[in-house]
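This report is written for someone meeting the structure for the first time. It begins with one residue and its surroundings, and then moves outward to the chain as a whole.

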Amino acid sequence: MNALFNSGQSLLPRLILAVVFSIIIMVVDHRSTQMREVRMYLNTLISPLQFIANAPGAMLDWVSREFVSHQKLVTENERMKQENLLMSTALQRYHLLREENTQLRQSLGATARADGKRMIAELMAVDQNPYNHQVVINRGLSDGVYEGQPVLDRDGIVGQVQYVSANTSRVLLLADVSHNIPVRVLRNNLNAVVSGTGSLSQLTINHITHSADLQVGDLLVSSGLGKLFPEGYPVAKVAMIDKSQTTAFVAVSATPMANLNQLKYLVLLWPQEERIDGQP
């Protein structure tokens with residue numbers, strides 16, 4: 001074809017020759033079945049190239065659809081996690097309310113106070129000091145957070161707010177050796193104090209005498225004494241009672257109900273009197 005259209009020759013004769021050749025091919029193709037077979041073979045040979053040429057566009061379309069679907073699923077999953085967290089913390093006092101309803105049904109005003117405002121916070125950082133168990137959350141003064149505010153996860157009390165800045169806060173966990181929380185045994189209302197041991201998976205229960213009615217597996221809930229933590233939220237479960245000591249008190253260890261090793265979303269609690277209309 002390049003030889004047919006060399007610049008050294010007249011273009012008109014070559015153009016006429018090309019047109020006549022094309023017409024002959026079209027006529028033969030129209031009247032002969034052999035050309036159809038040739039065209040079929042040519043299309044068969046070319047079809048993989050067409051698939052290859054279309055592959056990038058098809059891949060981009062598929063990736064785009066999958067990305068949009070994935071983003072929707074991620075957003076929906078995060079929303080459902082937060083809703084589930086709020087519902088879980090609201091249900092943590094169920095055992096206490098059921099127990100009090102059974103014991104005090106005939107007494108006016110015997111039920112526990114209703115929950116106040118709640119707000120979800122997200123973990124931002126973890127203190128790397130092995131002797132201090134503290135975390136940083138993404139809520140602060142601008143959200144109404146205050147020092148000493150109770151903090152929960154979906155399973156129980158996590159700790160309390162220790163320091164507050166404009167947009168973040170530092171939370172002292174139950175496991176910190178400086179943390180103490182008054183509790184009572186849900187089974188028999190025995191009062192005690194739970195302290196941190198420095199281990200995220202173990203707490204200690206102080207001042208339990210040998211004669212105290214305490215059993216492995218007893219659930220410890222916040223007693224409300226001290227007015228810092230609201231009454232009735234799960235704190236820990238008795239894991240071990242060692243009565244072999246000769247001191248006045250037995251050694252008791254407990255496992256925190258909150259999963260202090262895997263915190264992500266937390267819930268901040270406000271007292272009932274500070275509840276804002278329209279807030280959860």
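Leaving aside residues up to four places away in sequence, D218 touches V185, R187, D213, A236, K237 and V238, where contact means heavy atoms within 4.5 Å. This is a predicted model, in which local features need pLDDT of at least 70 and side-chain atom pairs count only at pLDDT 80 or more, while totals for chains, interfaces and linings use all residues. Residues are numbered from 1 along each chain as its sequence is written, and side-chain values use heavy atoms, with hydrogens and water left out.

**The surroundings of D218**

D218 sits in the loop that runs between β8 (202-206) and β9 (219-222); helices (H or I, at least four residues) and strands (E, at least two) are DSSP runs, numbered from the N terminus. D218 counts as buried because its relative accessibility is 6%, given that buried means under 20% relative accessible area, exposed over 50% and partly exposed in between, with a 1.4 Å probe and protein chains only. The side chain of D218 is joined to that of R187 by a polar contact of 2.9 Å, and the D218 side chain also reaches the backbone nitrogen of Q215 at 2.8 Å. A polar contact is a pair of N or O atoms within 3.5 Å; within protein, one must be able to donate a hydrogen and the other to accept it, and residues adjacent in sequence count only if both atoms are side-chain atoms.

**Strand pairing**

β9 pairs with strand β10 (residues 234-242) in the antiparallel sense over 3 bridges, where two strands pair if DSSP finds at least two bridges between them. In this pairing L220 stands opposite A236 in β10. β10 also pairs with strand β11 (residues 251-256), again in the antiparallel sense, over 6 bridges, and here V238 stands opposite A254 in β11.

A254 is also among the residues touched by S201, which contacts A254, T255 and P256 when residues up to four places away in sequence are not counted. S201 itself belongs to the loop between β7 (191-199) and β8, and its C-alpha atom is separated by 7.6 Å from that of A175, although these two are 26 residues apart along the chain.

**Loop residues and their exposure**

Two residues other than glycine have a positive phi: for N189 the value is about 65 degrees, and for H207 it is near 60 degrees. The table sets these two beside S201.

| Residue | Loop | Relative accessible area | Class |
|---|---|---|---|
| N189 | between β6 (180-185) and β7 | 32% | partly exposed |
| S201 | between β7 and β8 | 44% | partly exposed |
| H207 | between β8 and β9 | 59% | exposed |

**The chain as a whole**

The protein chain contains 3 helices and 12 strands, and 31% of its 280 residues count as buried. Among the contacts in the chain with a separation of 6 or more, 58% are between residues 24 or more positions apart. The accessible surface comes to about 17,600 Å², of which 58% belongs to carbon and sulfur atoms; accessible areas come from the Shrake-Rupley method with a 1.4 Å probe, and for residues only the protein chains shown count as cover.

V27 lies in helix α1 (residues 11-31) and is partly exposed, with a relative accessible area of 41%.
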